[in-house]
Amino acid sequence: MSEHNILSISGGKDSTALLLLARERQPENMQAVFADTGNEHPQTYDYLHYLEQATGMQIRWVKGDFSAQITKKREYVLAHWADKGVPQTAIDRAAAALVPSGIPFLDLCIWKGRFPSAKAAFCSEELKRNPIQRKVQFPLMDTGHDVISWQGVRADESLRRSLLIENDLALTNNNGAEMWNYRPILKWTAQDCFDMHKKHGIKHNPLYEQGMGRVGCMPCINCRKDELLEISKRFPEEIDRIRQWELAVKEASKRGASTFFAAPSGDSAWSATQTIDVFVEWAQTSRGGKQFDFIRMDDGPLCSSIYGLCE
Ligand code: SF4
């Protein structure tokens, strides 16, 4: 039985610093893995290719596949929604929309009939943690290997992350193989991460110079008001894409309404109207838009995931 070191990389500064630390330490059986959500900016994809070439370290790409769940949901909709009082027009609409696109983020939302939110943050787990576990970590454990899961989390990012420790046992499988979480940059600052880039002569993701405080989904469901404004100005095509996704998810949802950013109060009638365009318009206001204050406006962490898979 040997030990395998699996490092999760997102293309952001923290996981890149983690990769560079691993490059220094050269742990045995090391693999860097990137989970592609399908909601990343093209510059992040380019940056990952650059990292491979500049560091000489191969990065394996994995992605979630929700086609089986969508097929099952379609069958369920056709068999059971009528018994639940759903009008036939809504059943026909949803059944026609329950078709996989091959884009993990979109397919996850088509399957769920909704976008993730701060309260229902299933995206990081479904799009990042699970594909890495299923495609890389669990097969190793099934053949009796222990896995060390390198995670680029930092304690000063959030209260949740500040409570983490550097090493802990994540799980043990039926063969007795163990997976350990390893967080070697837990006590690092953001500056320490940028310094690590400099030490290795590695450029950081160019998105940091384009108004993005964090690198991850474009946009993240928890993005800040100022980031949304930057995205809309610099990358309007990403807003166009989200607008199309809202239409696709809306069609697949039971109530025929779904928006990228969640409703603050559960007001279903109102939430159906708060499309990405409404938020972009609000992001252009210097003050006001009080009702949208549930989008982060400070410099806090964007994702509460403790796995360090989203920055
Ligand atoms: S970056 Fe944001 S939207 Fe993307 S998976 Fe993480 S929490 Fe979800």
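Helices here are DSSP runs of H or I with at least four residues, and they are numbered from the N terminus. With that in mind, welcome to the tour; the model you have open is a predicted one.

**The whole chain**

Start with everything shown as a cartoon. The chain comes to 12 helices and 6 strands. Of its 311 residues, 53% count as buried. Among contacts with a separation of 6 or more, 70% are between residues 24 or more positions apart.

**Stop 1: α1 beside α2**

Select residues 13–25, which form helix α1, and residues 42–55, which form helix α2. Their axes are 12 Å apart, and the two helices pack at an angle of about 15°. Because an angle under 35 degrees counts as roughly parallel, α1 is roughly parallel to α2. The crossing of α1 past α2 is right-handed.

Now show side chains. On the α1 side, pick Thr 16, Leu 19, Leu 20 and Arg 23; on the α2 side, pick Tyr 47, Leu 51, Ala 54 and Thr 55. By class, this contact holds 5 nonpolar, 2 polar and 1 charged. Look at the spacing of the picks within each helix, and keep a general point in mind: an α-helix has 3.6 residues a turn, so residues three or four places apart point the same way.

**Stop 2: Glu 24 and a partner far along the chain**

Stay in helix α1 and select Glu 24. Is Glu 24 buried or exposed? The answer lies in between: Glu 24 is partly exposed, with a relative accessible area of 37%. Next, add Met 196, Lys 199 and His 200, which Glu 24 contacts once its neighbours within four places in sequence are left aside. His 200 makes a good distance to draw: 176 residues separate it from Glu 24 in sequence, yet their C-alpha atoms are 9.5 Å apart in space.

**Stop 3: the loop after α1**

Follow the chain into the loop between α1 and β2, where you will find Gln 26. Its phi is near 50°, a positive value in a residue other than glycine. As a general rule, most residues other than glycine have a negative phi. Gln 26 is exposed, with a relative accessible area of 61%.

Asn 29 is found in that loop between α1 and β2 too. Phi of Asn 29 is also positive, near 45°. Asn 29 is partly exposed, at a relative accessible area of 35%.

**Stop 4: α3 and α5**

Select residues 67–80 for helix α3 and residues 104–112 for helix α5. Here the axes come within 9 Å and cross at roughly 20°, which makes α3 roughly parallel to α5. This crossing is left-handed. From α3, show Gln 69, Ile 70 and Lys 73; they meet Asp 107, Ile 110, Trp 111 and Lys 112 of α5. The residues of this contact divide into 3 nonpolar, 1 polar and 3 charged.

**Stop 5: the kink in α6**

Move to residues 123–142, helix α6, and look along the helix. Where is the kink centred? Find Arg 134: the kink there is about 45°. Helix α6 is mostly covered, with 14 of its 20 residues buried. Step just past the end of α6 to Gly 144, which takes a positive phi of about 90°.

**Stop 6: Asn 181 in β6**

Select strand β6, residues 178–182, and pick out Asn 181. Asn 181 is buried, with a relative accessible area of 9%. Not counting residues up to four places away in sequence, Asn 181 touches Ser 149, Gln 151, Glu 166, Asn 167, Asp 168 and Ala 170. Between the C-alpha atoms of Asn 181 and Ala 170, you can draw a distance of 5.9 Å; the two are 11 residues apart in sequence.

**Stop 7: a cis peptide bond**

Go to the loop between α8 (190–200) and α9 (225–234) and select Pro 219. Pro 219 is joined to Met 218 by a cis peptide bond, with omega about -5°. In general, most peptide bonds are trans.

**Last stop: α10 and α12**

Finish with helix α10, residues 236–252, and helix α12, residues 276–283. Their axes come within 9 Å and cross at roughly 145°. Show Ile 239, Ile 242, Arg 243 and Glu 246 from α10, then Ile 276, Asp 277 and Val 280 from α12, to see what makes the contact. By class, the contact has 4 nonpolar, no polar and 3 charged residues.

Terms used: Residues numbered from 1 in each chain as written. Predicted model: local features only at pLDDT ≥ 70, side-chain atom pairs only at ≥ 80, totals over all residues. Heavy atoms only, no water. Bend = angle between axes of the 7 residues up to and from the residue. Buried < 20%, exposed > 50% of the residue type's maximum accessible area, 1.4 Å probe, protein only. Axes fitted to C-alpha atoms, helices over the stretch in contact; angles between N-to-C directions. Parallel < 35°, antiparallel > 145°, perpendicular 65-115°, else oblique. Left-handed = near helix turned anticlockwise from the far one by under 90°. Contact = heavy atoms within 4.5 Å. Nonpolar A, V, L, I, M, F, W, Y, C, P; charged D, E, K, R; others polar.
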